[in-house]
Amino acid sequence: MEERKPVKSNLARKKLSALTGWLIINAILIFLLIKTFSPASFSLSTFEFIPLLGRCQNIFISDLDHDGTEDVALTRVGQPLPYEKNLQIFSPFLPTGYYKYRYFLDTSIEVNDFLLPPADLDDDEEMEIPIIRFNEKKTTLNIHNPIGQIKKVINFEESFGHDQFPGEVCFEDLDNDGQKEMVMAILSRFSGLPRAITVWDIARGRLRWKYLMGCMPDLFEVADINQDGMKEIVVMGRAPHNGVSVNGTDDDHSYIFSLDNKGNLLWRLVLGGYYTRWWLKCFDMDQDGQLEIIGSKGCDRETDPEPGEIRLIEARTGGTENLFTESVSYSEIFLLPRENGETHLVVGDSSGHVTIFDRHLNILRRIKVDFPAVVKGVSRLGKDARKNYIFVQAGFTRFLIFNENLKNIFNYKLDYFFDIVALSFHSFHKQDEYAGLLNASQLYLLKKMTKPLPEWLVGIIRSKFIAHIFFFVLINVLFVYLFRLQNRTLLQLTPIQLDWLDQAQEIAHRMKNSLFTIQLQAENLKLETSKHPDEGRLQVLQSIAQSILDDINLLGRQTRILMKLLAPRPLNLKTTEINGLIQKVVNKYLGYYQGKIDFVLDLESESTALAVDEEQLEEALNNLIANALDAMPQGGRLTLRTTVLHSSSLQEIKGIEIEIEDSGQGIPDELLSEIFKPGFSTKKEGLGLGLAITKRIIEAHGGRISVHSKAGVGTKFAIFLPWKQY
């Protein structure tokens with residue numbers, strides 16, 4: 001029994017290896033199942049994106065005709081007349097004909113006219129459409145009714161510079177006197193003119209006050225912070241780094257500050273350096289009756305970027321109540337109401353994360369999508385008034401919808417739109433039904449709908465999840481069949497066959513040793529015969545010796561065959577022209593990548609014939625070329641170079657160097673030491689074996705492989721194969 005232990009232990013190892021492989025494959029398949037499962041594929045609800053118009057400039061939502069359905073007022077640059085704007089007012093909920101909505105108004109205005117938020121400015125229960133015009137002599141406010149008729153024209157004596165223009169605008173009763181004031185941010189670009197928050201008395205037609213600043217007041221909110229009936233203005237000042245400085249502020253820093261209804265500064269915080277910005281919301285987060293300012297910080301500079309911040313600020317005093325910071329740039333932050341009455345915060349960041357925080361700024365949930373991840377809104381959709389959805393722009397082409405628990409329920413591929421910050425989402429409703437407008441490369445209407453049953457069944461059939469389930473079952477059935485087949489084969493072996501398997505390798509080694517001894521003696525015999533001049537005896541002895549040597553050579557060949565059958569196969573070396581092998585590998589890719597990748601072959605003119613295992617070396621080259629092509633998804637240059645290396649005297653060839661260089665994304669310095677390790681991969685679905693196998697093949701030839709890379713420039717792999725002839 002003991003003589004069969006080697007075979008039985010070998011069979012046990014094979015079973016263990018097979019089971020291990022089966023577990024690894026199942027783990028990978030289960031991971032794919034989890035990754036590809038999407039509740040949206042099995043839901044009867046879906047979301048429809050309906051293109052309405054080209055990209056718009058200003059969009060405002062309001063119930064213009066008091067019918068319980070919110071309407072849309074917008075402007076966009078007209079085509080083919082770029083010196084005019086189209087002013088359009090319509091209701092997307094009332095489709096008529098080709099345009100999919102009903103117009104209240106469709107007219108042209110001057111390109112320097114700015115649409116302001118609709119409001120009931122004179123308390124006559126009719127919504128007005130205000131349009132403001134700047135010039136160097138005066139400022140004019142034209143007030144229209146919803147069908148475009150001018151109700152009132154207000155001329156303000158205040159004038160602005162050629163580079164100044166209105167930013168965010170709202171109409172609020174700041175001093176609780178029953179009259180609405182116009183609160184307007186004044187922005188400027190590169191002229192060095194100051195920016196400002198201004199308050200205008202519409203009833204008297206004059207500028208009430210102006211607070212000048214160096215920073216860019218992109219955002220502000222109006223709220224009764226002190227709870228005295230008078231409203232304050234909380235301002236976010238961005239830092240565009242244009243060299244403007246006024247009133248104790250500059251545009252090399254970002255600020256959040258508070259003004260009272262008379263334009264007096266209550267408090268001011270300096271919160272960032274140049275190219276930083278903040279988004280803010282005013283809300284009572286801890287439900288203590290006092291408002292907090294919730295701010296998220298982003299940094300647009302690439303050199304020495306500042307860390308992102310989520311900050312809770314006491315609105316009354318400007319004191320920081322809580323702070324969360326990490327090395328990312330945050331996008332706009334949104335409030336996420338929950339059914340239990342709590343309000344959470346949701347925000348995206350430059351690394352591609354979408355994060356939900358509680359009111360203490362503890363992370364509740366975080367997911368990874370394409371970067372940058374920019375949350376564009378939180379709103380209801382459809383007729384379910386209990387659920388809020390989170391709308392996220394992921395990268396430059398993906399628009400995603402998540403539920404309150406950050407489960408992805410819908411994906412939509414948009415046309416490429418470079419200005420992610422300017423992409424906007426607007427929610428509106430018709431009585432109990434909610435919808436949205438997405439302003440990207442064009443304006444889309446987003447609606448929640450119920451799938452027809454056939455469409456739902458087709459979606460399930462086409463789902464990757466179903467395909468992975470089928471593959472999972474197929475792999476497991478195939479494994480069980482092969483495992484049982486192997487067991488039946490092994491059980492059919494007789495005791496003699498088992499003994500042979502145990503002893504075969506030992507016999508082979510003994511044969512090798514014995515043959516060596518016989519060969520030695522035969523050589524001695526041949527040598528001795530050469531010392532005696534007896535010609536007849538000499539011929540007989542030499543014939544016997546040669547016969548022994550021939551038999552030894554035959555037995556040696558048989559022994560080597562047996563050794564190969566019982567041991568791992570060595571390299572199958574044969575003389576191969578390296579340049580020809582490279583040309584053969586590259587030809588596989590030329591057809592598919594023609595016009596996208598520029599293949600450059602800089603091959604040595606001297607002979608590159610070398611003893612290598614052609615099949616294994618071809619596998620190594622394929623791995624490196626495939627990785628290089630993956631690193632250039634937008635196209636680029638792939639250079640393959642061979643060089644014959646000589647000794648210092650130039651009389652002896654040391655070996656051949658093969659270089660594979662791409663102009664792709666490059667490999668970060670911190671990852672260079674990891675890339676040859678098994679299991680390491682930067683691809684979402686990579687197994688991390690290609691470079692490890694490549695390194696093993698090169699080292700089996702007695703060679704070496706090295707890598708040089710620079711992020712944003714490219715990567716070069718260099719292979720050295722020592723000189724061998726076969």
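Select P372 to begin: this proline sits in the loop between β27 (363–368) and β28 (373–379). The model on screen is a predicted one. Look at the bond between F371 and P372, which is a cis peptide bond with omega at about -5°. Most peptide bonds are trans.

**The whole chain**

Now zoom out and colour by secondary structure. The protein chain holds 9 helices and 41 strands. It has 726 residues, and 43% of them count as buried. Take the contacts between residues at least 6 apart in sequence: 51% of these join residues at least 24 apart.

**Two strands, β3 and β4**

Select 71–77 and 84–91. These are strands β3 and β4, which run antiparallel and are joined by 6 bridges. For one position along the pair, show V77, which stands opposite K85 in β4. Strand β4 is mostly covered, with 7 of its 8 residues buried.

**An open sheet**

Move on to the strands β6 to β9. They form an open sheet of 4 strands in the order β6-β7-β8-β9, and the pairing is antiparallel. At the edges are β6 (113–115) and β9 (150–156), each of which pairs on one side only. From one strand to the next the twist averages 20°.

Start at the β6 edge. Strand β7 (residues 129–134) runs antiparallel to β6, and 3 bridges join them. Select L115 to find one such position: its bridge partner in β7 is I131.

At the other side of the sheet, select N145, in the loop between β8 (139–144) and β9. Is N145 buried or exposed? N145 counts as buried because its relative accessibility is 7%, and the cut-off for buried is under 20%. Beyond its neighbours within four places in sequence, N145 is in contact with E126, M127, I129 and K151.

**The largest nonpolar core**

Select M182, I197, F220 and I233. They are the residues with the most contacts inside the largest nonpolar core, which has 40 residues. Strand β11 (residues 181–188) gives the most to this core, with 6 residues. In soluble globular proteins, nonpolar side chains tend to be buried together.

Keep I233 selected and show what surrounds it. Setting aside neighbours within four places in sequence, I233 is in contact with L174, V183, I197, V199, W209, F220, E221, V222, F257, S258 and L259.

Apart from this core lies another, of 36 residues, including L581, V586, L629 and I719. The tour comes back to that region below.

**Two residues with positive phi**

Q227 is in the loop between β14 (216–223) and β15 (232–238). Its phi is near 55°, a positive value in a residue other than glycine. Leaving out neighbours within four places in sequence, Q227 is in contact with G289 and Q290. Show R316 as well: Q227 and R316 are 89 residues apart in sequence, and their C-alpha atoms are 9.7 Å apart in space.

Next select L406, in the loop between β30 (398–402) and β31 (408–413). L406 also has a positive phi, near 65°, and is not a glycine. Most residues other than glycine have a negative phi. L406 is buried, with a relative accessible area of 4%.

**Helix α7**

Select 578–593. Helix α7 has 16 residues and reaches 23 Å from its first C-alpha to its last, close to the 22 Å expected at 1.5 Å a residue. Where does α7 bend? The bend is at N587, by about 30°.

The buried residues of α7 are I578, N579, L581, I582, V585, V586, Y589 and Y593. An α-helix has 3.6 residues a turn, so residues three or four places apart point the same way. What covers these buried residues of α7 includes β35 (574–577), β36 (597–602), β37 (609–612), α8, β38 (636–646) and β39 (653–662). Just after the helix, G595 takes a positive phi of about 90°.

**Helix α9**

For the last stop, select 690–700, which is helix α9; within it, L691, A692, T694, I697 and I698 are buried. Their cover includes α8 (614–630), β40 (704–710) and β41 (714–722). Helix α8 was also among the elements covering α7. Finish at G702, which follows α9 and has a positive phi, near 80°.

Methods. Residues are numbered from 1 along each chain as its sequence is written. This is a predicted model: local features need pLDDT of at least 70, side-chain atom pairs count only at pLDDT 80 or more; totals for chains, interfaces and linings use all residues. Side-chain values use heavy atoms; hydrogens and water are left out. Two strands pair if DSSP finds at least two bridges between them. Axes are lines fitted to C-alpha atoms, for helices over the stretch in contact, and angles run from 0 to 180 degrees between N-to-C directions. Buried means under 20% relative accessible area, exposed over 50%, partly exposed in between (1.4 Å probe, protein chains only). Contact means heavy atoms within 4.5 Å. The expected span of a helix is 1.5 Å times one less than its number of residues. The bend at a residue is the angle between axes fitted to the seven residues ending there and the seven starting there. A nonpolar core is a set of buried Ala, Val, Leu, Ile, Met, Phe, Trp, Tyr and Cys residues joined through side-chain atoms within 4.5 Å.
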